[in-house]
Amino acid sequence: MQLRKENILIVDDDIDILELLQRHLQSWNYHSYKAVSVKEAVTILRDTKIDLLITDLKMPEIDGFELIKFVSEHYPKLPKLVVTGYPSVQDSLSAIKSGAVDYLTKPFTKNELKEAIDNSMSITEEKRDKTIVLSEEKNKAYGEIIGNSEKINDVIQIIERIKDNKATVLIKGESGTGKELVARAIHYQGKFARAPFITVNCGAIPENLLEAELFGYLKGAFTGADTNRNGFFQAANGGTIFLDEIGNASLAVQARLLRVLQEKEVVKVGAQKAEKIDVRIIAATNSDLREMIGNQTFRDDLFYRLTVIEIDIAALKERKDDIPLLVDKFLFKYGVEYKDRFIKITPEALDVLKRYNWPGNIRELENIIQRAVIMCDKVIGVEHLPEHIKYTLEFSDDTLQPLKVIEKKYIEKVLRASGNNKTKAAKILQIDRKTLRQKLTN
């Protein structure tokens, strides 16, 4: 029996309903995935390309409304069908307002389910594109790329232009800015989404093994090669290979990569015969490749082959307007993972995050939110943020001031935090009350 290409995710805490829906979907030749909670559903969504979400509304811990909102923000192309046993006009309106395409009440017939699925799956590309535009106006999610800043919109526009061809791409940006997310968006938002996407960190594989890992090898090619083996390029055939930290590749590997780009073929280590290959190459780097060319550690001919399309990813400090959206994403992710609930953040704590300059970029922000979710109960406050973030705010480049002024501001902040209790404030500052008075009057 020929299976359809569509993947459908079913979310319901009732196992019997899950089994019933899955049997119906199998009879219509759909691929189906089951989740008994929103937490499990989010995990599947991150790892699998889903074409339709079918979800119940009333579920423990996190309900279906929140899942629909999450999907609408993070996967705007994905149609959503609500199936519920607790029908009400208000729920119906709320579900549609949150982004659901259709609403089906339990119990339902097989034909009613099929009609609802057909209706949900029949959203035209024009409507889906409109959904993306509306999402960008509000919240902005393109694949896993989050942001509504001008710099992120510029990146999304480039991805839209190149996603359906196999032009070579070089993504540049500091560590932690999300270069792999951009590479994944190029692949998974386009027509090659069902082809392989293979990630290779050129900096994580020892130089003496990188060539064999990339191109494969024949038995006996070197010590330990006890069988023939394909490399990452063969695994990515028909799809995309993402070469992260391309600047770490040796000159020998660079020469082999140039051959792949020029001849569309690879030669396994120890082999004489080349194999034709159809792979889109996306490379990424946080190094200055032009400087490396000047130092003769990167080939200029490979550089120009890689930069058919060049994408620059801005550092987080250059797009701070995106911080609230990123925070929302991580609050949902780790709230579900660690607390089985939605975690909120106070305006004061969010303001601290927006004023920090984030040398570690999005990766650092995610780690901070992950830690704060673990440390808080239901709401993240300033007290749940690391001291270095709160402390360094006083020394940001745009607020350079005399040391005495900065010291006084910090003392006043400690006083406010301690309820203007000078004894407590002095203890926190590790000075006596007399010194505290002197510093406040100077």
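**Exercise 1. Find how far apart Arg 184 and Glu 180 lie in helix α8, and what joins them.**

Step 1. Arg 184 and Glu 180 are four residues apart in helix α8 (residues 179-188), so about one helical turn separates them. Helices here are DSSP runs of H or I with at least four residues, strands are runs of E with at least two, and both are numbered from the N terminus.

Step 2. The two side chains form a salt bridge, with the closest N and O atoms 3.1 Å apart. The term means a side-chain nitrogen of Lys or Arg within 4 Å of a carboxyl oxygen of Asp or Glu.

Step 3. Arg 184 is partly exposed at 32% relative accessible area, and Glu 180 is partly exposed at 29%. Buried means under 20%, exposed over 50%, and partly exposed in between (1.4 Å probe, protein chains only).

A word on the model: it is predicted, so local features need pLDDT of at least 70 and side-chain atom pairs pLDDT 80 or more, while totals for chains, interfaces and linings use all residues. Residues are numbered from 1 along each chain as its sequence is written, and side-chain values use heavy atoms, leaving out hydrogens and water.

**Exercise 2. Work out which parts of the chain the salt bridge of Lys 34 and Glu 19 links.**

Step 1. The Lys 34 and Glu 19 side chains meet at 2.8 Å, N to O.

Step 2. This pair links distant parts of the chain, 15 residues apart: Lys 34 is in strand β2 (residues 31-35) and Glu 19 in helix α1 (residues 15-27).

Step 3. Lys 34 is partly exposed at 29%, as is Glu 19 at 31%.
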